[in-house]
Amino acid sequence: MLPEERKTTHRKEVSTLDHVVIRLAGDSGDGMQLAGLKFTTASVIFGNDISTFPDFPGEIRAPAGTLAGVSGFQIHFSSNIISTPGDELDALVVMNPAALRVNLADLKPNGILIVNQDTFSAKNLKKAGYNQNPLEDDSLRNFRVYPVSITTLNQTAVESEELTFKQINLTKNFFALGLISWLFDRPLTSTVEWIEEKFKHRPTIINANIKTLKAGYNYGETTELFPIQYHVPPAKMDPGLYKYISGNEALSLGLIAAANLAKKEIFYGAYPITPASDLLHELVKHKEFGIRVFQAEDEIAAIGSAIGASFGGLLGVAGTSGPGFSLMTEALGLAVITELPLVVINVQRAGPSTGMPTKPEQGDLLQALFGRNGESPLPVIAPQTPGDCFETAIEAVRIAMKYMTPVVILSDGFVANTIDPWKIPDISQYEQIEVQHPSKEILKGSERFYPYLRNENLVRPWAIPGTEGLEYRTGGLEKEDKTGGVSYDPLNHEKLVKTRAEKIRRITKDIQIQKVEGPKRGDLLVLSWGSTYGAAYTAAENMRKQGFSVSNANLKYLNPFPQNLEEILQSYEKILIPEMNLGQLQFLIQARYSIKTTGLAKVQGRPIQVREIQNKISTILGVE
Amino acid sequence: MKKSEQVLAPKDFATDLDVRWCPGCGDYSILANIKKTLPTLDIPKENIVFISGIGCSSRFPYYMNTYGMNTIHGRAPTFATGLKCSRPDLSVWVITGDGDGLSIGGNHLMHAMRRNVDIKILLFNNQIYGLTKGQYSPTSIFGKRTKSSPTGSLDYAVNPISWALGAEASFIARTVYSYGDHMREVLRRAADHKGTAFIEIYQNCLIFNDGTFKYATDKELRYDNILELKHGEPMVFGRDREKGIFLHGLTPKVIKYKEAGFTEYDLLIHDEYATEPTLAFFLSRMRHPHFPEPVGVFRAIQKETYDGMLEQSMREAIEARTKSFQELLHEGETWTVT
């Protein structure tokens, strides 16, 4: 009997909620990411708005049962439009003691805690650092604890199939998925279809996974353990065709879109690095759209090859994360002084140095703006949501080619891995990106080509090899104005330093003005940037609902700033800047506008939560 | 590659920038010979690109009226790789030196060669850091006394040809800055080669390392100290071509073969096209003063180039494309909200 057929015959109480945050956690090998994704698919098909965030361990194969090996997947699903993967958990499913220990702090008081009690052996408890079994010592009394023998129940469910011990173990995530699918009233259809497609040549595996999935579902329904089933009605989403997308996927698609809009091939140079490697994996699949991918020997070669490609008339793009971005520093300076178009993507992670590769941070803002020798300004932009990564990639390519400049995209491990529903854009609605390469005509009869003669935007022509009569040399030495020859003349140097800076400053006239959500003047503005948008927006919105004068603005353009930013900042009594670093945007804003602000710094390798911002707002406004 | 429609002359490759190498620098001769060679290659000037790193040699692109880029220290092969992989129609030349190419840029040099990117790498080897005013370089001989090694350097020297062989470059040659005809012939061979061509050019730094290659440049000394490699020919040298290279077990030996009662054909015969680099490696180990140093082409083999394979895969993918970008966006699990 399929669960859907029983919808009208609930025997248990059904409680309707408007949003729920759950997390599935277990050992890296327990399949929690997959179970989470399937739950997500069922939720979006059901019609909820969702936002998810995976939490991977740093080690590829940490020893089983240890704290280092815990992997989690968090899903926020709602009957309203949401913009974060959620703060505190309404429900937590843990497959072993280590997962309990790592995740319990995030569970709300009285939250649902489903525990695979089979794994709470003396050995596993010890590995997780428990002296006593928390299931027996009353330490979990503040939660609604549901001990379930997931391992045993799974074994029973699949015993009629001929599976090895290892294979049996691999199916237990589907039991857990079945159980929470019942608990939160999710249909199983999409998961069943996925299993049938995925294992289409292995009928035994199909049968086993489907059997245990349904066994988990039926267990929830029949056992006395769970008195209540929870229902989250569909959300009112903007009509259209949707898919779900991660920030990294959206950045990749955005680059392909930009190639399409500019009718240019893109050259992507990269060296594998977490959490940016997904860009490399995705882009290499799309040669047919003119994406040339080069896996370089290091990040220096990645950016060098990209600049070489740009010199040749393709659009060079280099993707990396913090440590790799540091290696790219010198070459970025070369792109600044040669004035070649280039896009560098830094999917930030917790630093300094190797830091915490799988954990997000926004610690590279000042490095992106200032981390080069000499005066070498360049545009910096940051995506705020997974969907916005698509738009950001297109915008970066547009600015790079229009202004002959390297552009840095500051993504981070949070927005890169967050999966959101995404209304599929109609590419025909986007403006084409105009690109021009001069031909011999530009000489107008004269013999001499001026590769650094500028247009009204102070932009030089993008002459490319193969063009007769425009042969020119460029490089890292200071250029003579207009001719591009080598010059050590003091006044020439000062003029060119100022010109390059002015060119970047003027881009402010060509970007969207800063938007504000909430009152245009008021008590408090929450000024966030990049991926902190979701939490900042939600916190401000919650405060507005409670009647407070709180607005929020999320900066996408970090350099140059939008031209109306100063006016906005002057329209509020107080300004709160939440960011995943020790106050880098705050530093910039205070230095630039001489405005006093309050920071909310969080550097835990985890995104800032809504309640943290809300608490800070309350403190600033002096409310309880 | 496009053929040149005009007949070009060396002067067509001159720029209006003053050449700023020290008077008497070996680089002048290399510049002159490259300017003489390019018009013979039948490649339009606008399709030639010189890319360099940092150092005396790396000023080179500024003095050539082609497209050019003077990049950052040691990284020229990366820019050249990106350019050639994006624009396979161009003739891309890398100008580097012993410090730029073998010290800071050793990694990139190695990877460009092992990928067999179709670029021509000219390494001007003067065994010294010139632009920074006279410190020992990776090719300086062990014990070299310089400003940064007043009691003699403790660094064992890099052997550039062995390095190139280890990285499996498909074309490897050596010439000397003062050998006009020889250098032009080697440059032409490199230009015609499909794949990475690596040429070590001995160059004299008049200021900081004068006379290092005297054994190779002096008209008299040269006879006994240089072995000119020619494919299919026995390895003979000396004023009267009386000496030759004889393989004794796995060790090359110099013998006066005529005195010893042998003929030329008992000597080692050069084979540029040998699939295995063994012979070329023997030759690369023959160093002054124990052996005559070989000049000419050590190795010239054919294998697919990285840029060629990438270009082909791009063309095939683009031709085989069945979907629009909009259709790509629609791929995967989708749902409609009404």
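1. In this predicted model, a network of salt bridges links Glu265(A), Arg292(A), Glu311(B) and Arg315(B). Within the network, Glu311(B) pairs with Arg292(A), and their closest N and O atoms are 2.7 Å apart. Glu311(B) belongs to helix α10 (residues 306–319) of chain B and Arg292(A) to strand β11 (residues 291–295) of chain A, so this salt bridge joins two chains. Both Glu311(B) and Arg292(A) are buried.

2. Over all chains, the count of salt bridges is 45. One of chain B is formed by Asp118(B) and Lys120(B), with 2.8 Å between the closest N and O atoms. Asp118(B) is buried at 4% relative accessibility, and Lys120(B) is buried at 5%.

3. In chain A, Asp481(A) and Lys482(A) form a salt bridge at 3.4 Å, N to O. Asp481(A) has a relative accessible area of 17% and is therefore buried, the limit being under 20%. Lys482(A), at 36%, is partly exposed.

4. The aromatic pairs number 31 over all chains. For Trp194(A) and Phe199(A), the ring centres are 6.1 Å apart and the planes stand at 85°, so the pair counts as edge-to-face. Trp194(A) is partly exposed, at 22% relative accessible area, whereas Phe199(A) is buried, at 16%.

5. Chain B has an aromatic cluster made up of Trp21(B), Tyr28(B), Phe50(B), Phe60(B), Tyr63(B), Trp93(B) and Phe124(B).

6. Two contacts between a charge and a ring deserve a look. Arg222(B) places its charged end over the ring of Tyr179(B), 3.8 Å from the ring centre. In chain A, the charged end of Arg101(A) lies over the ring of Tyr130(A), at 5.0 Å from its centre.

Terms used. Residues are numbered from 1 along each chain as its sequence is written. Chains are lettered from A and ligands numbered from 1 in the order in which they are written. This is a predicted model: local features need pLDDT of at least 70, side-chain atom pairs count only at pLDDT 80 or more; totals for chains, interfaces and linings use all residues. Side-chain values use heavy atoms; hydrogens and water are left out. Rings of Phe, Tyr and Trp (its six-membered ring) pair if their centres lie within 6.5 Å; planes under 30 degrees apart count as stacked, over 60 as edge-to-face and the rest as tilted. Buried means under 20% relative accessible area, exposed over 50%, partly exposed in between (1.4 Å probe, protein chains only). A charge sits over a ring if NZ of Lys or CZ of Arg is within 6 Å of the ring centre and within 35 degrees of the ring normal. A salt bridge is a side-chain nitrogen of Lys or Arg within 4 Å of a carboxyl oxygen of Asp or Glu. Helices (H or I, at least four residues) and strands (E, at least two) are DSSP runs, numbered from the N terminus.
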